[in-house]
Amino acid sequence: MFNFLFKKELDTKSIVVIIFGIITAIFFPFLFLNKISLDGDTLMYTYPYFNFLKEHTGSLINIFSFGGYPVGAISHIGFFNPVYRLLIPFFDFISAYHLIIYADYLLAAFLIYFFIRSLGASKYASFLGMLAYIFSQWSVLWFSSINLSHIMYLVPAAFLSILKLSENRWRYSL
């Protein structure tokens, strides 16, 4: 069962399966058991906001919070994010919220792995670097915050782009 651990070098297929397995195991209660995060901001602010987006798709003013305010003015939720518009109509608001965070962490794991590999590290070192990044104090502390989960993949994507641009490999930078 764990034959891949005893090989001299991991193959790419094994690494992809391990990364998917780790991230899915972390998000298993949220994706498949309908558990919610009990973080204060998420529970009291973000879940109701996503519920508002689900029930009032075209509305630009939220009259149920703070006595009414324009929802486009909330910079840290991302009212104009097209991913929200794609997922929220097809899933309930909590499942859509958790799928977005799951995709962010999955993308972050792959991007940090490829960034470390681009620096010339071995597959084992890249895998351990990916684990250190995914389980760092910052990412675990802000696990349920959707605005900060977007940063999880944007940081390695920016570093990877800068690295490819510095190597004059323009087509890989986008």
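**Notebook: helix H4, a cavity and a nonpolar patch**

Entry 1, Leu-99. I looked up the accessibility of Leu-99 and noted it as partly exposed, because its relative accessible area is 25%. In my notes, buried stands for under 20%, exposed for over 50% and partly exposed for what lies between, with a 1.4 Å probe and protein chains only. Leu-99 belongs to helix H4; helices here are DSSP runs of H or I with at least four residues, strands are runs of E with at least two, and both are numbered from the N terminus. I then looked for a partner distant in sequence: Phe-30 lies 69 residues away along the chain, and the two C-alpha atoms are 8.7 Å apart.

Entry 2, basis. I am working on a predicted model, in which local features need pLDDT of at least 70, side-chain atom pairs need 80 or more, and totals for chains, interfaces and linings use all residues. Residue numbers start from 1 along each chain as its sequence is written, and side-chain values use heavy atoms, without hydrogens or water.

Entry 3, the chain. I counted seven helices and two strands in the protein chain. Read from the N terminus, I noted their order as α-α-β-β-α-α-α-α-α. The chain has 174 residues, and 38% of them count as buried.

Entry 4, further positions on H4. How buried or exposed is Asp-104? I recorded Asp-104 as buried, because its relative accessibility is 7%. Asp-104 sits in helix H4, and its C-alpha atom is 8.8 Å from that of Ile-146, a residue 42 positions away in sequence. Ile-112, also entered under helix H4, is buried as well, because its relative accessible area is 9%. I noted 8.2 Å between the C-alpha atoms of Ile-112 and Leu-160, which stand 48 residues apart along the chain. I then turned to Ser-118, again in helix H4. Ser-118 counts as partly exposed, because its relative accessible area is 23%. Its C-alpha atom is 8.6 Å from that of Lys-164, with the two positions 46 residues apart in sequence numbering.

Entry 5, the cavity. I found one cavity of 30 Å³ or more; a cavity is a set of points on a 1 Å grid over the protein atoms where a 1.4 Å probe fits but cannot get out, and lining residues have an atom within 4 Å of a point. The space in the largest cavity is about 40 Å³, taken as that filled by probe spheres on the points. I listed its lining as Phe-27, Phe-30, Ser-37, Tyr-97, His-98, Ile-101, Phe-143 and Ser-144. Two or more lining residues come from each of helix H1 (12–32) and helix H4 (93–118). Which element gives the largest share of the lining? I noted H4, with three residues. By class, I entered five nonpolar, three polar and no charged residues for this lining.

Entry 6, the surface patch. I looked up a nonpolar surface patch of about 730 Å², made by Trp-138, Leu-141, Trp-142, Ile-151, Leu-154, Val-155, Phe-159 and Ile-162. Helix H6 (137–141) and helix H7 (146–166) each give two or more residues to this patch. Patch residues have over 30% relative accessible area and no salt bridge, and nonpolar side chains are joined within 5 Å, like charges within 9 Å; a salt bridge is a Lys or Arg side-chain nitrogen within 4 Å of an Asp or Glu carboxyl oxygen. I recorded H7 as the source of the largest share of the patch, five residues. I checked Leu-154, which is found in helix H7. Leu-154 counts as partly exposed, because its relative accessibility is 42%.

Conventions
1 Å grid on protein atoms, 1.4 Å probe; cavity = no way out; pocket = protein on both sides within 12 Å on 5 of 7 lines; lining within 4 Å. Nonpolar A, V, L, I, M, F, W, Y, C, P; charged D, E, K, R; others polar. Areas by Shrake-Rupley, 256 points an atom, 1.4 Å probe, with all protein chains shown as cover.
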